[in-house]
Amino acid sequence: MEENLIIDISESNKGKEQIIINKKYKFNFSYKRKDNSKVYKCTEYKKINKCKSFIILNDKKEILKYNSSHNHPENEYDVSLSIMKHKIKDGIEKSSIPFGIKIKPLYNKISKEMGLICPEYNSIKSQISRNLNKKLPSNVTTFAEIPSESEYYNTKRGENFMIFKNSNLIIFQSPFQAKLFREYNDDIFVDGTFFIAPKFSYQVFITRTYAKELDSFYTTSFAILKNKEQETYKIIEPKNLHCDFERAISKAAKTIFPNTNIKYCIWHYKKSLEIKKNKLCYNEVKNNNNIFIYYKAILNLPFINPEYIFDIYVIIKIKSIKNNYCQFLKFLEYFYKTYLIDYDMKIWNYYNNIEHITNNASESLNNYLNNLFPTKPSFYELIDKLNELEHLSYYDYRLSKKNKRNLENKKKSNK
């Protein structure tokens, strides 16, 4: 028998065990003998060469016998192709949730280990995709197909997500997120994003809270909504609920949380007025300093005592009529109907409290999530990524609490 034989384990296209010798010859499993040793025959034995070479291994993959009478040339490239496919497939199989597997970096790592004789990435790309798809759970294509229970509804720490599901929405909340929601419920920030919602759904809706002593925001739940007319669920009624100017959110929240103060985002307030200004009176505002001052005054009304807001509006309108600011008057009419009639002034006024005047805590997270997915993710891809973010948030919170305790203890010891 030849010395210094190098054995690699692979598998055939049918998924059966395959032995590779010295990265030159492939042997497929043939049968098991009475002593439990296994016989592998050269892959050329059924082909035109009728190669009679074989190898026998015990259960420890030690060579008992090797017939090396090959009657065909070595095929290092074909062998390297099999090894590469097997190693990548093995990497996929070892991953409990393979959504985050980056095939190209995995290929680069294995090809570096294999050396010069290595198949090109494009030659095995389709095979790798098939292996990956076999590992992934069946894709969810309708809202009704979302399971109420799943092995993927676990945090990376092994805890079960609490699930609330009906025919129109499904809400996920980990035990850690529930703890945050109980402890920090004075200000809850809510926002939805359409870009990362799976194709069968309308929106991903996320709630966040502010831990004041840590000066940090944390996600407390996320939900997938089937359509726009959904109500959220009640665990603890927040003191203030911060959101943008989407009526469906504030109306539902007020129904569920009748004692909660709804606070609209100042950034959205100013942005909507800027858009309307550009449409109705851009040139007037740009070229007339008086109109520009009036416009700025309207933008800053959220910080004025609400008792004086209507009077300020009336004064600006009278002066605009007197000076025949026609286009700006159209803008003032829009402001009046939208923010003085349609919306309760209290929900966009921050005169008594300017601690949280925007919903940027939620907006920034949604922008981050949108950048993670160049296209709409599948249901399980989304769950996996949100699970990963929950895990990072968990350790960020623990580290922040630990640092705060250490700082407090240091201050005490210095007294």
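Let's start with a handshake between charges: Lys179 and Glu183 form a salt bridge, and their closest N and O atoms sit 3.2 Å apart. Keep in mind that this is a predicted model. Both residues belong to helix α4, which covers residues 175-183. They are four residues apart, or about one turn of the helix. As for how much of each one shows, Lys179 is partly exposed, with a relative accessible area of 28%. Glu183 is partly exposed too, at 43% relative accessibility.

**More charge pairs**

How many salt bridges are there by this rule? The count comes to 15. Another of them links the side chains of Lys271 and Glu274, with 3.9 Å from N to O. This pair lives in helix α6 (residues 266-280). Lys271 and Glu274 are three residues apart, so about one helical turn separates them. Lys271 has 35% relative accessibility and counts as partly exposed, and Glu274, with a relative accessible area of 32%, is also partly exposed.

Next come Lys317 and Glu333, another salt bridge, where the closest N and O atoms are 3.9 Å apart. Which helices hold these two residues? Lys317 lies in α9 (residues 306-322), while Glu333 lies in α10 (residues 326-342). The pair therefore ties together parts that are 16 residues apart in sequence. Lys317 is partly exposed at 28% relative accessibility, and Glu333 is partly exposed with a relative accessible area of 29%. There is also a network: Glu17, Lys38 and Lys61 are joined by salt bridges that share partners.

Here are the three pairs side by side:

| Lys | Glu | N to O distance |
|---|---|---|
| Lys179 | Glu183 | 3.2 Å |
| Lys271 | Glu274 | 3.9 Å |
| Lys317 | Glu333 | 3.9 Å |

**A patch of positive charge**

Now for some lysines on the surface. Lys14, Lys16, Lys41 and Lys46 gather there in a patch of positive charge. Take Lys46 as one of them: you can find it in the loop between β4 (38-42) and β5 (54-57). Is Lys46 buried or exposed? Its relative accessibility is 65%, and since anything over 50% is called exposed, Lys46 counts as exposed.

**A residue tucked away**

Thr155 also sits in a loop, this one between α3 (121-135) and β7 (162-165). Its relative accessibility is 5%. The cut-off for buried is under 20%, so Thr155 counts as buried. What does Thr155 touch, leaving aside its neighbours within four places in sequence? Its contacts are Phe161, Ser174, Asn387 and Glu390. If you're following along in the structure, try picking out Thr155 and then those four partners.

**Stepping back to the chain**

With those details in hand, let's look at the chain overall. It contains twelve helices and 13 strands. There are 415 residues, and buried ones make up 44% of them. So where do the contacts come from? Looking at those with a separation of 6 or more, 56% are between residues 24 or more positions apart. The accessible surface of the chain comes to about 23600 Å². Carbon and sulfur atoms account for 49% of that surface.

Note on methods:
Residues are numbered from 1 along each chain as its sequence is written. This is a predicted model: local features need pLDDT of at least 70, side-chain atom pairs count only at pLDDT 80 or more; totals for chains, interfaces and linings use all residues. Side-chain values use heavy atoms; hydrogens and water are left out. Buried means under 20% relative accessible area, exposed over 50%, partly exposed in between (1.4 Å probe, protein chains only). Contact means heavy atoms within 4.5 Å. Accessible areas come from the Shrake-Rupley method with a 1.4 Å probe; for residues, only the protein chains shown count as cover. Patches are made of residues with over 30% relative accessible area and no salt bridge: like charges are joined within 9 Å, nonpolar side chains (Val, Leu, Ile, Met, Phe, Trp, Tyr) within 5 Å. A salt bridge is a side-chain nitrogen of Lys or Arg within 4 Å of a carboxyl oxygen of Asp or Glu. Lys and Arg count as positive and Asp and Glu as negative; His and the chain ends are not counted. The place of a charge is taken as NZ of Lys, CZ of Arg, CG of Asp or CD of Glu.
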